[in-house]
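User: I should like to learn how to read the features of a protein model, one at a time. May we begin with the pairing of charged side chains?

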Amino acid sequence: MLPQERTAWVWITALCVVFGTYFLFISVLQESAEQVSFLTRIGMLATALTTLGLVAGAEKLIATARTNSADTPFDERDELIKLRSSAISYYVLMAGMIIVGCVMPFSTGGWDIVHAALFAILVAEIVHSIFIVIGYRRGLHV
Amino acid sequence: MSDRSMTNNLRTLRFLAGEMTQAELGKQIGVTRQTIAAIESGKYSPSLEAAFRIADVLNRPLDEVFEWKSVGG
């Protein structure tokens, strides 16, 4: 498995686990009708982002130590797969942001919009990584 | 839409060129071994420049290395 594909798998897993837990906690807290303080929300979000950062850093260290991937050239196929994934995830993100910015303000506000924006970014990142994996597994024909 | 796709004789020609490995061929044209493997298995169609470089390294005409064939035929 190429380092790029491995990184995509790690990213998919980490995003799903970290932010799945985050959104689960948020929904449980909201269901319980408790007033969640601003600091608690920020603290949870910071924890999720920090965890993600640690996972990304650890994965980078392991990849470099294991296969000397820093020397692996990034050739035309890698570039094309990355470009296609980025293009698709861009449209996913754009759709999410249009919903968050142009539709949601008329019906809701506050933390709901923040979480919706975060969710849209999360989905775009997962889509990006999924299409990288597909590009390496199933192939890419321009 | 055309029912044709690109095929190649890369594996055979690589063998005939002194049993060149995928890594060796990749190094000579500037791509990774995995990209050569993907080209051979039909998972990736190389750029025009890469295709010409492959043909040049293997010392064969381009249409002998890559073919545009009907699917299933």
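User: How many salt bridges does a search of the whole structure find over all chains?

Analyst: Side chains of opposite charge can pair when their charged atoms come close. A salt bridge is counted when a side-chain nitrogen of Lys or Arg is within 4 Å of a carboxyl oxygen of Asp or Glu. In this predicted model, the search over all chains finds six salt bridges. One of them joins Arg137(A) and Glu5(A), with the closest N and O atoms 2.5 Å apart. This pair links distant parts of the chain, 132 residues apart: Arg137(A) lies in helix α4 (residues 111–137) of chain A, and Glu5(A) lies in helix α1 (residues 3–31) of chain A.

User: How many helices and strands are there in chain A?

Analyst: Helices (H or I, at least four residues) and strands (E, at least two) are DSSP runs, numbered from the N terminus. Chain A has four helices and zero strands, in the pattern α-α-α-α along the sequence. Its C-alpha trace spans about 50 × 35 × 20 Å along the principal axes.

User: How many residues does the contact take from chain A and from chain B?

Analyst: Contact means heavy atoms within 4.5 Å. Here 11 residues come from chain A and 13 residues from chain B. Buried area is the accessible area (1.4 Å probe) that two parts lose on being put together, summed over both. Chain A and chain B bury about 1000 Å² between them, with 50% of it on carbon and sulfur atoms. Helix α3 (residues 76–103) of chain A contributes the most to the chain A side, namely three residues.

User: How many salt bridges does the rule find across this interface of chain A and chain B?

Analyst: The rule finds zero salt bridges there. The side of chain A that touches chain B nevertheless holds five charged residues, beside four nonpolar and two polar. For these classes, Ala, Val, Leu, Ile, Met, Phe, Trp, Tyr, Cys and Pro count as nonpolar, Asp, Glu, Lys and Arg as charged, and the others, Gly among them, as polar.

User: On what conventions do these readings rest?

Analyst: Residues are numbered from 1 along each chain as its sequence is written, while chains are lettered from A and ligands numbered from 1 in the order in which they are written. Local features need pLDDT of at least 70, side-chain atom pairs count only at pLDDT 80 or more, and totals for chains, interfaces and linings use all residues, while side-chain values use heavy atoms, with hydrogens and water left out.
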